[in-house]
Amino acid sequence: MAKTEKRSTETAVVEETKRAGPEPVSVPIKPRWDDSAMQSAYANVCNVMGTREEITLLFGTNKAWQAGSNEVPVELSHRITLTPYTAKRLAQMLEQGVREYEQRFGEIKLT
């Protein structure tokens with residue numbers, strides 16, 4: 001198949017690949033996790049806020065559950081801001097993680 005000047009470079013490359021042999025195989029890229037600078041934190045409270053451009057997760061610790069109090073003091077320690085696409089991927093991964101946890105250890109019941 002001959003290339004014409006109206007074709008884009010991308011189309012020409014695809015056509016040349018087809019003529020040269022089988023289509024290239026897409027190989028998924030595996031991340032290499034570098035945890036050398038990682039820090040760990042504990043949170044027993046999380047809140048989610050969002051705008052059109054970003055989703056923000058606030059993490060903190062409730063250090064004193066006081067019965068009968070109208071307020072619960074929460075010490076916020078971390079703010080993580082994500083794009084909506086990254087937040088959706090995180091939600092899917094968390095859902096899968098909880099599903100696997102419940103298969104191993106039983107249903108988590110929220111009251």
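Start by selecting Val-98, which is partly exposed, with a relative accessible area of 40%. Keep in mind as you look around that this is a predicted model. Colour by secondary structure and you will find Val-98 in helix α2, which covers residues 84-105.

**Widen the selection to the patch**

Now add Tyr-101, Phe-105, Ile-108 and Leu-110 to Val-98, and show the surface. Together these five residues form a nonpolar patch on the surface, with about 550 Å² of accessible area. Why can Val-98 belong to such a patch? Patch members need over 30% relative accessible area, and Val-98 has 40%.

**Zoom in on two rings**

Hide the surface and show Tyr-101 and Phe-105 as sticks. Both residues sit in helix α2, four residues apart, which is about one turn of the helix. How do their rings lie relative to each other? The ring centres of Tyr-101 and Phe-105 are 4.9 Å apart and the planes meet at 45°, so this pair is tilted. The tilted class takes plane angles that are neither under 30 degrees nor over 60. The count of aromatic pairs comes to one, so you can leave the ring display here and move on.

Before you do, compare how the two side chains are covered. Is each of them exposed or partly exposed? Tyr-101 is partly exposed at a relative accessible area of 41%, whereas Phe-105 counts as exposed at 57%. The line between the two classes is drawn at 50%.

**Cross to strand β2**

Next, select Asn-62, which belongs to strand β2, residues 55-62. Is Asn-62 buried or exposed? Its relative accessibility is 4%, so Asn-62 counts as buried, given that buried means under 20%. To see what surrounds Asn-62, show Asn-44, Val-45, Val-72, Pro-73 and Val-74: Asn-62 touches each of these, leaving aside residues up to four places away in sequence.

**Step back to the whole chain**

Zoom out and return to the cartoon. You should see two helices and three strands. Traced from the N terminus, the order of elements is α-β-β-β-α.

How much of the chain is buried? Of its 111 residues, 9% are buried, and Asn-62 is one of the residues that count as buried. Switch the surface back on for the full chain: its accessible area comes to about 10700 Å², with 55% belonging to carbon and sulfur atoms.

If you have a contact map to hand, open it last. Among contacts with a separation of 6 or more, 22% join residues 24 or more positions apart.

Definitions and conventions. Residues are numbered from 1 along each chain as its sequence is written. This is a predicted model: local features need pLDDT of at least 70, side-chain atom pairs count only at pLDDT 80 or more; totals for chains, interfaces and linings use all residues. Side-chain values use heavy atoms; hydrogens and water are left out. Patches are made of residues with over 30% relative accessible area and no salt bridge: like charges are joined within 9 Å, nonpolar side chains (Val, Leu, Ile, Met, Phe, Trp, Tyr) within 5 Å. Accessible areas come from the Shrake-Rupley method with a 1.4 Å probe; for residues, only the protein chains shown count as cover. A salt bridge is a side-chain nitrogen of Lys or Arg within 4 Å of a carboxyl oxygen of Asp or Glu. Buried means under 20% relative accessible area, exposed over 50%, partly exposed in between (1.4 Å probe, protein chains only). Contact means heavy atoms within 4.5 Å. Rings of Phe, Tyr and Trp (its six-membered ring) pair if their centres lie within 6.5 Å; planes under 30 degrees apart count as stacked, over 60 as edge-to-face and the rest as tilted.
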